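Hi,

Here is the structure I promised to pass on. Have a look at it first, and my notes follow below.

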Amino acid sequence: IVIDVWIHAPFVILVMFAAMQGMSKELLETAEVDGATLMQQVRHVIIPLVMPSLLVVLVFRTVFAFRVFTTIWLLTGGGPANRTSVLGIEIYRYGFQYFDTSFAAALSVVLLILSLVIALGYQRALNRESLS
């Protein structure tokens with residue numbers, strides 16, 4: 001977890017910082033003049049404005065988490081008794097250790113479809129959020 005946070009935190013921070021910088025200060029000032037507390041400003045102004053950027057970050061992080069290979073392979077090699085084995089490691093094993101390239105290719109397609117379904121789910125959530 002520490003390595004994953006170390007690798008991907010700068011991307012998340014950069015995108016969220018850009019989203020916060022792109023917010024209109026007038027909206028926050030207007031909410032303050034209308035008597036909104038800090039928590040109300042966060043809930044009703046800030047979060048809806050950064051939600052598209054947050055969903056983009058979630059899509060990228062989810063897809064990156066699904067295709068993780070290097071970190072787990074270098075640290076544990078799939079772990080004792082395959083406890084830390086993920087789909088990327090199984091694709092590698094079937095393709096390059098067991099020489100079953102057709103099954104490795106099928107697993108790769110499954111990984112692609114899973115990533116696509118999750119990305120489309122996030123996109124639907126983003127579209128639903130922008131419509132409301």
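The largest nonpolar core has six residues: Met 16, Ala 19, Met 23, Ile 46, Val 50 and Val 57. Helices H1 and H3 each supply at least two of them, and H3 gives the largest share, with three residues. Before you go further, keep in mind that this is a predicted model. As a general backdrop, nonpolar side chains in soluble globular proteins tend to be buried together.

Now the H1 side of that. H1 covers residues 2–21, which makes 20 residues. From first C-alpha to last, H1 reaches 28 Å, close to the 28 Å expected at 1.5 Å a residue. Still, there is a kink of about 45° in H1 at His 8, shortly before Pro 10. His 8 is also buried, along with Met 16 and Ala 19 of the same helix. What do the buried residues of H1 pack against? Their partner is helix H3, residues 38–66. For one concrete pairing, take Ala 19: beyond four places in sequence, Ala 19 touches Val 50 and Ser 53. Val 50 is a core member, as is Ala 19.

H3 also holds a polar residue you may want to click on, Gln 41. Is Gln 41 buried or exposed? Its relative accessibility is 10%, so Gln 41 counts as buried, the cut-off being under 20%. A polar atom of the Gln 41 side chain lies 3.5 Å from the backbone oxygen of Ala 36. Leaving out residues up to four places away, Gln 41 touches Leu 28, Ala 31, Glu 32, Ala 36 and Ile 46. Ile 46 ties Gln 41 back to the core, since Ile 46 is one of the six core residues.

Next, the H4 and H5 region. Helix H4 is residues 70–75 and helix H5 is residues 87–97, with Ala 81 in the loop between them. Asn 82 lies in that loop too. What is the phi of Ala 81? The value is near 60°, positive although the residue is not glycine. Asn 82 likewise has a positive phi near 60°. For context, most residues other than glycine have a negative phi. With 73% relative accessibility, Ala 81 counts as exposed, while Asn 82, at 46%, counts as partly exposed. A further positive phi, near 55°, belongs to Phe 99, which follows H5.

In H5 itself, the buried residues are Gly 88, Ile 89, Ile 91, Arg 93 and Gly 95. Why does Arg 93 count as buried? Because its relative accessibility is 8%, and the cut-off for buried is under 20%. The Arg 93 side chain makes a polar contact of 2.7 Å with the side chain of Asn 82, so if you look at just one contact there, start with that pair. Setting aside neighbours within four places in sequence, Arg 93 is in contact with Trp 73, Gly 77, Gly 78, Asn 82, Ser 85 and Tyr 98.Phe 69 sits in the loop between H3 and H4. At 24% relative accessible area, Phe 69 is partly exposed. Which residues does Phe 69 contact, leaving aside neighbours within four places in sequence? They are Gly 88, Ile 89 and Tyr 92. Gly 88 and Ile 89 are both on the list of buried H5 residues. Phe 69 and Arg 83 are 14 residues apart in sequence and 14 Å apart in space, C-alpha to C-alpha.

Finally, the whole chain. The protein has six helices and zero strands, and from the N terminus on its elements run α-α-α-α-α-α. The radius of gyration is 20 Å, well over the 14 Å from the globule rule for 132 residues, so the protein is more spread out than a compact globule. Along its principal axes, the C-alpha trace spans about 65 × 30 × 20 Å. Buried residues make up 20% of the 132. Of the contacts between residues at least 6 apart in sequence, 48% join residues at least 24 apart.

Cheers

Conventions:
Residues numbered from 1 in each chain as written. Predicted model: local features only at pLDDT ≥ 70, side-chain atom pairs only at ≥ 80, totals over all residues. Heavy atoms only, no water. Helix = DSSP H or I, 4+ residues; strand = E, 2+ residues; numbered from the N terminus. Expected span 1.5 Å × (residues − 1). Bend = angle between axes of the 7 residues up to and from the residue. Buried < 20%, exposed > 50% of the residue type's maximum accessible area, 1.4 Å probe, protein only. Contact = heavy atoms within 4.5 Å. Polar contact = N/O pair within 3.5 Å; in protein donor to acceptor, adjacent residues only side chain to side chain. Core = buried A, V, L, I, M, F, W, Y, C linked by side-chain atoms within 4.5 Å. Rg over C-alpha atoms; globule rule 2.2 N^0.38 Å.
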